[in-house]
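Trainee: Could you take the aromatic rings in this model and go through them closely, with the cut-offs stated?

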Amino acid sequence: MAFSDFPFPPSTPLFPKADVVASYLKSYAKTFGLYKCIRFNERVVEVEYESDSGKWTLHTTGNITLEPSTYTSNLLFICNGHHNLSRYPHIPGIDTWLASNRAAHSVFYRNSKCAPWKLDETHKVLVVGGGPSGQDIVTDLMSRGQVIVHSSSKYTGEDGDHVVKRRGRLLRFWDVNEGKVEFEGDVTENGIDYVILATGYEVQFPFLSEKYIKAGFPQPVPPLPTGVWNTTYGVFPLARYLFPFSFNAGTSNSPPPTSMFFLGLPVRVVPMPLVQVQAHVALALFANKLTQLDWTREAKDVLVRYDHLKAQLGDDHQIHKAWFRFEPMEQFAYRDALVDLLCSSLGEERAFRSVRRVKAWEWEIYLRKGTLRKAWQALEANGDATEFVRGIGEGNGGKSVEDEWVGLMWRVLKIGEIWKGDASSSS
């Protein structure tokens, strides 16, 4: 997860909690003097491009101690994230459950004791959604002894064990008093006390008017649509998932497409090293240093991916839903392609001062991250994790900091594989 030029502190747990990651980011900002560049408690409310000056003008509003401000910039990075606006599924009966505080979005979940849930082991909890948030919440509830039903389109029929019942797609919320819900396959479940909706988020850019980004879905491809569209799942079309081909056609003061970049839109990825490479590509393109960028080839790559997803999913809505959802190894291929673009234009020596290609151990260990996580959680439960990680990352004993971390992961993976083999044998 670390930026290439700033490792996590020695002895950090392999799967750090949110507060550890937050401390890491604060330390990064302090180390590189970024605090002086940040205006806290200030929100961008409008962005306009001024063709006369060739610059963007940003209008902001602050809290009660800050007056509204105006800034100008030649280059904009849009980095407002995609975990702010909750996405609620359109499931019959859901409104009644939400109104009665028997259902809420996972954005409000911190742990099972926090409002609005305050769960105990007697409560039967339905978690809706099979993505990372849903999986993490199920894992957290399991450790607290909850009765769990997990609904995901990945499951079919009735499956699971005495700890977690696995059910298919949720089709309907019935009587809230009975706690009754219905899943695919004519499967029902009664006695649900609370529902946690780990159903994702909507991408939003409230500071960008329709002059710069349109709301909704474009016409089916081909050809590529003109302008830029916010589908609520991401921005389309973008070259390299990063920058527009054009803004709205016919606008006399249309900004150059290389003056605005959308960073961090891909999901189910390791975000920080990926965004780091995206930022270097954006800066090089803005400075007209990416001499090997072929706009025709970039457009063709978008069309090829669209055709690939259409063959898999068929429906245009599903294509846009999946557009930025990278399969596990796609993120590494994408990162390496960005690095290759930098190398082809700047030369390897110059490019590698700032970025690096994905290393073999990253590919290999990421494929086994499920086993790694289970083994680490078992070590934490047994009280052995602290000793395992003690001193790792200090760079002692002739090994590099990276080699120490990689060696630790392989040791933990080996333990996980042994435990998995023992479990298979006993079953």
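Mentor: What follows covers the ring pairs, then the charges over a ring, and then a helix that helps to cover another.

This is a predicted model, in which local features need pLDDT of at least 70 and side-chain atom pairs count only at pLDDT 80 or more, while totals for chains, interfaces and linings use all residues. Residues are numbered from 1 along each chain as its sequence is written, and side-chain values use heavy atoms, with hydrogens and water left out.

Searching the whole structure gives 29 aromatic pairs. Rings of Phe, Tyr and Trp (its six-membered ring) pair if their centres lie within 6.5 Å; planes under 30 degrees apart are stacked, over 60 edge-to-face, and the rest tilted. Phenylalanine 326 and tyrosine 334 are edge-to-face, because their ring centres are 5.5 Å apart and their planes stand at 85 degrees. Both phenylalanine 326 and tyrosine 334 are buried (under 20% relative accessible area, where over 50% is exposed and in between is partly exposed; 1.4 Å probe, protein chains only).

Phenylalanine 332 and tyrosine 366 also form an edge-to-face pair, with 5.3 Å from centre to centre and 85 degrees between the planes. This pair links distant parts of the chain: phenylalanine 332 is in helix 7 and tyrosine 366 in helix 9 (residues 360-366), 34 residues apart. Helices (H or I, at least four residues) and strands (E, at least two) are DSSP runs, numbered from the N terminus. Phenylalanine 332 and tyrosine 366 are both buried.

Phe326 and Tyr334 also belong to one aromatic cluster, together with Phe236, Tyr241, Tyr306, Trp323 and Phe324.

Tryptophan 174 has charges over its face: arginine 172 lies 4.4 Å from the ring centre, and lysine 180 lies 5.7 Å from it. The test asks for NZ of Lys or CZ of Arg within 6 Å of the ring centre and within 35 degrees of the ring normal.

Helix 7 (330-346) has a further role in the packing: helix 7 is among the elements that cover the buried residues of helix 4, as are helix 1 (18-31) and strand 21 (260-262). Those buried residues include Met272, Leu274, Val277, Val281 and Leu285. Helix 4 (residues 271-286) has 16 residues, so at 1.5 Å a residue it should span 22 Å, and its end C-alpha atoms are 22 Å apart, which agrees. The expected span is 1.5 Å times one less than the number of residues. Just after helix 4, asparagine 288 has a positive phi of about 60 degrees.

How values were computed
Contact means heavy atoms within 4.5 Å.
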